[in-house]
Amino acid sequence: MNRSLIYKLGAIALLIVLLLIPLLMINGVISDRQHLRDGVLEDIARSSSYSQQLIGPLMVVPYRKVVRTWRTQAKTNQRYQEVSLERGSLYFLPEHFELDGKVQTELRSRGIYEARLYHADNRISGHFSLPKQLGIKEDFTDYQFEQPFLAVGISDIRGIENALKLELNDQRLDFVPGSQVGWLGDGVHVMFPRLDGQQAVELAFGFDLRLQGTDALQVVPVGKTSKVSLTADWPHPSFIGNYLPAQRNVTDQGFTANWQTSFFSTNLQEILTNCLTEDALATENVVAGAAPYISSEISSDHSISVAKTGGCSVLTTRSLGVGFIDPVDQYLKSDRAIKYALLFIALTFAGFFLFEVLKSLAVHPVQYALVGVALAFFYLLLLSLSEHIGFTLAYLWSAGGCVLLIGFYVCHVLRSARLGLSFSSGLAALYGLLYGVLSAEDYALLMGSLLLFGLLGVFMVLTRKLDWYGVGQKAVKPDDPNGGTVE
């Protein structure tokens, strides 16, 4: 291989390496703009409401228990009975829990950035089955029950948009702020009439909850059997949590999804027991009894004194829900596009090199560099325009501008309108293929592999009869219209 060809290939390789500098700078701009956008969205959520998670309702029955303990006096060796009073709470999960939600989304703008908020109209209903003596099998007379209440955990109570009223059997009761259960976090609660606990009781409940949030809506299916139905006008749902919907229907106008769970799939009975044992409030007791809220792993005296050690995080992970986010936004697409930049520049330079060796034309490294810089500017134009007119239009305008500019320049570099138009057509086809790769989420790797294989095949076919040893021995002067040669 002659020296001229080696120098030319070395100069092209050096230019590709140098073009990494502006590409890295543009990639940094993409990251900065994305972080700025995320900060604005966080600020909008801070001013309205964050993602919402609904836990409950749970029924809580506070109690006081007389504890009699026999002790022995050290000096006289006489036994005596010590009486103390312990406080605790019984927790009951619903026998059946049902949530029917209808969600509408809206955009909130701040500058050029937009955040997607949702308003969920939820109807929550179900019933509790309280066993006889509230599940306490021994020493029932030692218990004094205080006024029970229904607790609902709501991760961001600023999103509550309506006055909450509970329908309990034939009564209507008002909710008040605060869940009154530390490990539930923020929320609301409503006081119940007192219970004597002697007989089994069935309590049917229902209430309407209009909730505003951003990004995602999650529900913890707390019932022994739970049904959750969501309908929304968002056509790109991302189903999240531990449980996928049993049925779902996604169209261009929105989606409908239905979940159904039981204690066998959620294991909430055991999780709540462990939660109360490990993370309940100081001096609180966990009392064995009713199946909806306790397991059999309790000592014979049916009570455990526990201390608070942290939040009950395991319970919150047993959730289901949906995310209302764009699957691929302009920053992610721009970031994906710039990952192909080096390959794109290499393919364009390879096209230039083919014209050189097949048409015996001379292209100066500076001309390679100018075309490479124009290709790099495409990504900066794409980023800046997509923030204002959307990614698709931004891609069309940016790619069209670069194709026209490079095509005009190449027509003069190659001294042929026909060759310049051919080069521009190939470049436009590359941009079209790149857009297809960026738009395909599941088939991006396959499309990219087929594209590279096809381009390699074209290069091999066009150069199959080329004498590589003779390449570069003769070259046409760039400024000689008569085709004179330079030795």
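A residue is taken as buried when its relative accessible area is under 20%, as exposed when that value is over 50%, and as partly exposed in between. In the predicted model described here, S398 has a relative accessible area of 1% and is therefore buried. This serine is placed in helix α8, and, once residues up to four places away in sequence are set aside, its contacts are with F378, L381, L382 and L385.

Taken over the whole chain, the model contains 10 helices and 21 strands. Of the 487 residues, 45% are buried, while the accessible surface amounts to about 24,900 Å², with carbon and sulfur atoms contributing 57% of that area. Among contacts with a sequence separation of 6 or more, 76% join residues that are 24 or more positions apart.

Helix α8, which spans residues 391-413, comprises 23 residues and extends 32 Å between its first and last C-alpha atoms, a value close to the 33 Å expected at 1.5 Å a residue. Besides S398, the buried residues of α8 include F391, A394, Y395, A399, C402 and V403, and the list continues with I406, G407, V410, C411 and V413. Just after this helix, R415 adopts a positive phi of about 55°.

One of the contacts of S398, L385, lies in helix α7, which covers residues 365-389. With a relative accessibility of 30%, L385 counts as partly exposed, because this value falls between the limits for buried and exposed residues. L385 also belongs to a nonpolar surface patch, formed together with L381, I389, L393, L396 and W397, for which the combined accessible area is about 580 Å². Both α7 and α8 contribute to this patch, each with at least two residues. L381 likewise appears both in the patch and among the residues touched by S398.

The unreviewed UniProt entry annotates residues 337-355, 367-386, 392-412, 419-437 and 443-462 as "transmembrane region". For two of these annotated spans, the geometry of the model can be described in more detail. Residues 392-412 are 100% helix and 0% strand, with end C-alpha atoms that lie 31 Å apart; residues 419-437 are also 100% helix and 0% strand, and their end C-alpha atoms are separated by 27 Å.

The annotated span that covers residues 337-355 begins with A337, a residue of helix α5, which runs over residues 330-338. A337 has a relative accessible area of 0% and is therefore buried. Apart from neighbours within four places in sequence, A337 makes contact with Y379, L382 and L438. Y379 stands 42 residues from A337 along the chain, yet their C-alpha atoms are separated by 7.7 Å. L382 is thus listed among the contacts of A337 as well as among those of S398.

A contrasting environment is found at S47, which lies in helix α1, residues 3-47. Its relative accessibility of 54% means that S47 counts as exposed, whereas S398 is buried. When neighbours within four places in sequence are left aside, S47 is in contact with R110 and R158. The C-alpha atoms of S47 and R158 are 9.4 Å apart, although 111 residues separate the two positions along the chain.

Notes: Residues are numbered from 1 along each chain as its sequence is written. This is a predicted model: local features need pLDDT of at least 70, side-chain atom pairs count only at pLDDT 80 or more; totals for chains, interfaces and linings use all residues. Side-chain values use heavy atoms; hydrogens and water are left out. Patches are made of residues with over 30% relative accessible area and no salt bridge: like charges are joined within 9 Å, nonpolar side chains (Val, Leu, Ile, Met, Phe, Trp, Tyr) within 5 Å. Accessible areas come from the Shrake-Rupley method with a 1.4 Å probe; for residues, only the protein chains shown count as cover. A salt bridge is a side-chain nitrogen of Lys or Arg within 4 Å of a carboxyl oxygen of Asp or Glu. Helices (H or I, at least four residues) and strands (E, at least two) are DSSP runs, numbered from the N terminus. Buried means under 20% relative accessible area, exposed over 50%, partly exposed in between (1.4 Å probe, protein chains only). Contact means heavy atoms within 4.5 Å. The expected span of a helix is 1.5 Å times one less than its number of residues. UniProt positions are given in the numbering used here, feature names are shortened, and annotations may be inferred rather than shown by experiment.
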